[in-house]
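Biologist: I am new to this structure and should be grateful for a close look at a single part of it. Please choose one place, describe it carefully, and set it in its surroundings.

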Amino acid sequence: MSYPQDTPLRDVLRVPEGERLDLTAYDASATPAGPSDKAAGLAATAALAPRLADLQERLYAASTAGDRRRLLLVLQGMDTSGKGGTVKHVIGLFNPSGCRIRAFKAPTPEEQNHPFLWRIMKALPQPGEIGIFDRSHYEDVLIARVRDLVPRARLDRRYDQINRFESSLADDGVTVVKIFLHLSYEEQRNRLLERLDNPEKHWKFNAGDIEERAVWPAYREAYEIALDRCTTDEAPWYLVPADRKWYRNWAISKLLLEHLEALDPTYPPADFDVDECRRRLLLT
């Protein structure tokens with residue numbers, strides 16, 4: 001499908017509201033509204049870096065004058081879909097001192113003794129920061145559904161809890177950018193084989209990933225439900241085809257740029273007499 005050149009990518013990739021999603025209808029190798037090929041994609045991503053860095057600095061600078069706004073990037077997807085790769089290649093375009101990165105694993109015993117959003121709230125970015133979640137609170141309606149880890153009635157309540165939570169974040173100045181990395185079953189096999197074939201990547205391989213592939217349809221359904229029930233005006237989902245790594249990196253960089261430009265942070269004015277300070281400095 002072709003799009004007008006000025007169509008924002010956030011409109012192209014946004015998950016539609018009010019209808020049950022069918023992930024099998026989305027081509028994981030597609031490049032909607034993207035550059036023509038890999039070489040062009042790599043160049044386009046690199047070209048976004050200066051503007052992203054500038055906006056990040058402005059966001060942080062604004063926070064020193066009381067601006068509470070910040071951005072939270074939520075990355076979800078099947079194993080090998082590129083959550084870690086996004087952190088490496090996309091977040092690497094930012095100043096790391098202004099980023100707060102958190103990878104969520106299986107809950108610790110302490111975390112299990114608290115409501116499921118407890119550990120999420122502790123990891124939120126501070127004003128002026130860009131937060132990145134590698135997995136997130138959505139694990140509690142994804143793996144929890146697939147593996148029947150909680151009663152179904154409690155699970156069903158969690159979608160509304162998530163929506164209220166994300167709405168409260170928006171009210172507090174958090175721009176939530178939720179990315180579903182849409183990977184194909186075949187491409188996941190290829191990426192897992194690459195890890196097995198390269199001794200330097202054995203540390204990244206988990207034999208449990210093979211078992212998880214056996215319940216791929218159940219995970220797909222769990223994602224379809226989560227994306228459908230938790231796409232809101234305050235925190236929509238974006239579906240990024242992830243079979244082509246170069247497109248994934250470009251698309252997420254572009255989405256971040258569009259959201260930061262919408263925030264339009266500005267440097268705060270000086271709260272001191274600039275001319276007087278210059279005069280005094282010149283006397284030293």
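**The largest pocket and strand β3**

Modeller: The largest pocket holds about 1,600 Å³ of space. Of its 48 lining residues, those closest to the centre are Asp79, Lys83, Lys105, Asp134 and Arg135. By class, this lining comprises 21 charged, 16 nonpolar and eleven polar residues. The model described here is a predicted one.

Asp134, one of the residues closest to the pocket centre, leads to strand β3, which spans residues 130-134. This strand is mostly covered, for five of its five residues are buried. In a regular strand, side chains alternate between the two faces of the sheet. In β3, Ile130, Ile132 and Asp134 point one way, while Gly131 and Phe133 point the other way. Residues on both sides of β3 are buried.

The neighbours of β3 come next. Strands of a sheet pair through backbone hydrogen bonds, in either a parallel or an antiparallel manner. Strand β1 (residues 70-77) pairs with β3 in the parallel sense, over five bridges. Strand β2 (residues 99-103) also runs parallel to β3 and is joined to it by five bridges. Ile132 is the bridge partner of Leu73, and Ile132 is likewise the bridge partner of Ile101. Phe133, in turn, has Arg102 standing opposite.

These strands belong to an open sheet of five strands, paired in parallel and ordered β2-β3-β1-β4-β5. Strands β2 and β5 (237-241) stand at the edges with a single partner strand each, so one side of each has no neighbour in the sheet. On average, neighbouring strands of this sheet are turned by 20° against each other, direction ignored. Helix α11 (residues 245-263) lies across β1, β3, β4 (174-182) and β5, and runs at about 150° to β5.

The edge strand β5 brings in another pocket. The second largest pocket has a volume of about 290 Å³. It is lined by 14 residues, of which Tyr3, Val12, Leu13, Tyr26 and Pro32 are the closest to its centre. The elements that give two or more residues to this lining are α1 (9-13) and β5. Its lining divides into twelve nonpolar residues, two charged and no polar ones.

For contrast with the buried strand, one may turn to Asp171, which is located in helix α7 (residues 152-171). Asp171 has a relative accessible area of 67%, which means that it is exposed, as the cut-off is over 50%.

Technical notes: Residues numbered from 1 in each chain as written. Predicted model: local features only at pLDDT ≥ 70, side-chain atom pairs only at ≥ 80, totals over all residues. Heavy atoms only, no water. Helix = DSSP H or I, 4+ residues; strand = E, 2+ residues; numbered from the N terminus. Buried < 20%, exposed > 50% of the residue type's maximum accessible area, 1.4 Å probe, protein only. Pairing = 2+ DSSP bridges. Axes fitted to C-alpha atoms, helices over the stretch in contact; angles between N-to-C directions. Contact = heavy atoms within 4.5 Å. 1 Å grid on protein atoms, 1.4 Å probe; cavity = no way out; pocket = protein on both sides within 12 Å on 5 of 7 lines; lining within 4 Å. Points joined across faces, edges and corners; volume = space filled by probe spheres on them. Nonpolar A, V, L, I, M, F, W, Y, C, P; charged D, E, K, R; others polar.
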